[in-house]
Amino acid sequence: MSQDSNNNHIMSTYAPMDVTFDHGEGSYLWDQNGKQYLDALAGISVCGLGHAHPAVTQAISEQAGKLIHTSNLYNIKNQQQLADALCAASGLDRVFFSNSGAEANEAAIKMARLYGHSRDIAIPTIIVMENSFHGRTMATLTATGNRKVQAGFEPLVQGFVRAPFDDIEAIQNIASNNNDIVAVMLEPIQGEGGIRVPDADYLSAIRQICDDNDWLLILDEIQTGMGRTGKWFAFQHTDIKPDIMTLAKSLANGVPIGACVAQESVASLMKPGSHGSTFGGNPLSCAAALAVVDTIKREQLIDNAVEMGAYIRQALHEAFDGDESVTEIRGQGLMLGIELKDNCTALVQEGLTQGILFSVQSDNTIRLLPPINLSRTEADELIDKITRLITQFAQKLAA
Ligand SMILES: *Cc1c(COP(=O)(O)O)cnc(C)c1O
């Protein structure tokens, strides 16, 4: 056991694997012993441009040498520029910057409540989904549709009701029975829940119900955003727009930042003093995010996510169609899930041994979130390693 696997003074909120990475470049990581890994998880969709991207490194270094932090008490040029870029890419109007995804969602929840009170709804209530993930703060763990995330932390926060994901009738039923609803909050594709892709008409149908009832549509694009699914934001696969969208994860390629992006009609409810964050949107994190936005455009990485995503899916279908150990291959762009018939949590360790990183969600779904600048050669290696792992695993179970 290496020195670093001694986590005695770290709270046991995670059970980390026995590996310590030393450095990375692009889609690869190297551990302390010099072993190389293909990173098909990218820090859970955070390092969308891969590791040590020169444009991000340069932006961080230059900004760190100039100014790391001032305060939101003053104008911050990088923050204004980043807000401009996010609004241009999304068609939304205003941004609040935080430091994490959960905080971005907290801002969205607070705005939904302001909106409800502006309409004289005393207990503004948000519809959230089964199987969803929105974060670990008290409000966001309440919004999360996973008992494991909530257990032991009761009392939960008031003002949420739950519906099954990808079920329009369930939303309609709530609409006709509950006058306190002010918003629907969901992930366009459920990430932690196992790469659950709803029906193609689902988001538009929800948008319609929201319009009919004067509810806000809040999309949590923390995992799906910034090119991951083959559009800047996953909602752009449809012709609707949310009232509020949240971002974090890959926004600054690993420098902590979150964003709550909204239409003017809702954003205008936020006044000086309504909300805040000491670090949120500081010059350093915004410099990194600006470099990410610029690189995605310059290197046409959204097209690459479409192309490489289709390429990997095609190869997976060729490898596993008709194979009963693989139940379903799903996803969009470079957000992919491979559902196996059996519990395959053990595959994560096996992948580590064989030099590839990914996660398993809901016990039976391999989740792939490689960098969106993945090359064809790297995609081939990913396909080769994953198909071999799955085949060996199925053979072992059958034996
Ligand atoms: C990761 C994630 C969050 C939480 O983000 P944190 O930065 O960990 O707070 C919220 N929603 C979704 C969809 C996520 O994937």
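Two strands pair if DSSP finds at least two bridges between them; helices (H or I, at least four residues) and strands (E, at least two) are DSSP runs, numbered from the N terminus. The model is predicted: local features need pLDDT of at least 70, side-chain atom pairs count only at pLDDT 80 or more, and totals for chains, interfaces and linings use all residues. Residues are numbered from 1 along each chain as its sequence is written, and side-chain values use heavy atoms, leaving out hydrogens and water.

**Exercise 1. Find the strand that pairs with β12, and place both in their sheet.**

Step 1. Begin with leucine 336: its bridge partner in β15 is leucine 368.

Step 2. Widen the view to the strands. β12 (residues 335-340) and β15 (residues 365-368) are antiparallel and share four bridges.

Step 3. Now add the neighbours. The open sheet has four strands in the order β11-β12-β15-β14, paired antiparallel. Since β11 (326-332) and β14 (359-361) each have a single partner strand, they stand at the edges, so one side of each lacks a neighbour in the sheet. On average, neighbouring strands here are turned by 25° against each other, direction ignored.

Step 4. Finish with the helix. α11 (residues 301-320) lies across β11 and β12 and runs at about 170° to β11. Such angles run from 0 to 180 degrees between N-to-C directions, with axes as lines fitted to C-alpha atoms, for helices over the stretch in contact (contact means heavy atoms within 4.5 Å).

**Exercise 2. Trace the pairings of β3.**

Step 1. β3 (residues 36-39) runs antiparallel to β2 (residues 28-31), joined by three bridges. One of the partners is tyrosine 37 in β3, facing leucine 29 across a bridge.

Step 2. Look at the turn: four residues separate β2 and β3 in this hairpin, and glycine 34 there has a positive phi of about 90°.

Step 3. With β13 (residues 356-357), β3 pairs in the parallel sense over two bridges. Leucine 38 has isoleucine 356 of β13 as its bridge partner.

**Exercise 3. Describe the polar contacts of the ligand and how much of its area the protein buries.**

Step 1. Apply the cut-off: a polar contact is a pair of N or O atoms within 3.5 Å.

Step 2. A ligand oxygen is 2.6 Å from an N or O atom in the side chain of lysine 249. Another entry pairs a ligand oxygen with a polar backbone atom of glycine 101 at 2.8 Å.

Step 3. Taken alone, the ligand exposes 380 Å², of which the protein buries 82% (Shrake-Rupley method, 1.4 Å probe).

Terms used. Polar contact = N/O pair within 3.5 Å; in protein donor to acceptor, adjacent residues only side chain to side chain.
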